[in-house]
Amino acid sequence: MDTNAFWDLVEKSREGEGNCEAQAERLGELLGKLKPEEIVAFDDHFASFLDKAYRWDLWAVAYIVHGGCSDDSFEYFRCWVIGQGREYYEAALKSPERAADNVELGEYAECEDLLYAAAQAYEAMTGKEEMPPRARSRPSKPAGTRWDEEKVQDLYPKLAKRFEFGDT
């Protein structure tokens, strides 16, 4: 599976009802039509895109949008960003504030369910609870410069104002 095929599946999963659970279910159905090795390849691409978005600047956006953001919440935020499709994801990586484009005040932009869609499809197809082990190294810390929680709104003042975060 190449990158284009990965993003095509993400885009197809976005069709229909817009909530996270429905998208993850549609993605699982789409993955269930593939060969097991293609499901594994999809999961590898997903992990790679998740890792590329493991950045302090994006975490700052998630922190502002959610009024705080744990490491788990940041992972689910990155899943949500991937779930918004290729153009959205690439725009967010280029300009982190864009990661909040589709978020409304008070809304949690998280989609943990997308994290498990490939594993669930693989298990349904093969009966195996785990995908085959793959050699991949995951980043141990976010890329970029760490920010101070007390001053995070200074990084993106317009975003902080929009999401009523901090002293803005």
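**Figure 1. Helix α5 and the helices around it.** In this predicted model, the buried residues of α5 pack against α1 (3-13), α2 (20-31), α3 (36-52), α4 (56-66), α6 (86-94) and α7 (112-126). Helix α5 itself covers residues 71-83, and 10 of its 13 residues are buried, leaving the helix mostly covered. To find them in the view, look for S73, F74, Y76, F77, R78, C79, W80, V81, I82 and G83.

**Figure 2. Helix α5 from end to end.** Follow the helix from its first C-alpha to its last and you will have gone 18 Å. That is close to the 18 Å expected for its 13 residues at 1.5 Å a residue. After the helix, pause at G85, where phi is positive, near 105°.

**Figure 3. Where α4 meets α5.** The axes of these two helices lie 10 Å apart, and the helices pack at an angle of about 100°. Because angles of 65 to 115 degrees count as roughly perpendicular, α4 is described as roughly perpendicular to α5. On the α4 side, the contact is made by L58, W59, V61, A62 and H66; on the α5 side, D71, F74 and F77 take part. Sorted by class, this contact has 6 nonpolar residues, 1 polar and 1 charged.

**Figure 4. The largest nonpolar core.** This core has 57 residues, and the members that touch the most others are L31, F42, F46 and F77. You may recognise F77 from the previous view, where it belongs to the contact between α4 and α5. Helices α1, α2, α3, α4, α5, α6, α7 and α8 (157-162) each supply at least two residues of the core. The largest share comes from α4, with 9 residues. As background, nonpolar side chains in soluble globular proteins tend to be buried together.

**Figure 5. A closer look at F42.** Here is one of the residues that touch the most other core members. Setting aside residues up to four places away in sequence, F42 touches M1, F6, L9, V10, L27, L31 and A118. Among these partners is L31, which is also one of the core members with the most such contacts.

**Figure 6. Q23 and its surroundings.** This view moves to helix α2, where Q23 is found. Is Q23 buried or exposed? Its relative accessibility is 6%, so Q23 counts as buried, the cut-off being under 20%. Apart from neighbours within four places in sequence, Q23 is in contact with V10, S13, R14, G83 and L114. One of these, G83, is a buried residue of α5, which brings us back to the helix of the opening view.

Conventions. Residues numbered from 1 in each chain as written. Predicted model: local features only at pLDDT ≥ 70, side-chain atom pairs only at ≥ 80, totals over all residues. Heavy atoms only, no water. Helix = DSSP H or I, 4+ residues; strand = E, 2+ residues; numbered from the N terminus. Expected span 1.5 Å × (residues − 1). Buried < 20%, exposed > 50% of the residue type's maximum accessible area, 1.4 Å probe, protein only. Contact = heavy atoms within 4.5 Å. Axes fitted to C-alpha atoms, helices over the stretch in contact; angles between N-to-C directions. Parallel < 35°, antiparallel > 145°, perpendicular 65-115°, else oblique. Nonpolar A, V, L, I, M, F, W, Y, C, P; charged D, E, K, R; others polar. Core = buried A, V, L, I, M, F, W, Y, C linked by side-chain atoms within 4.5 Å.
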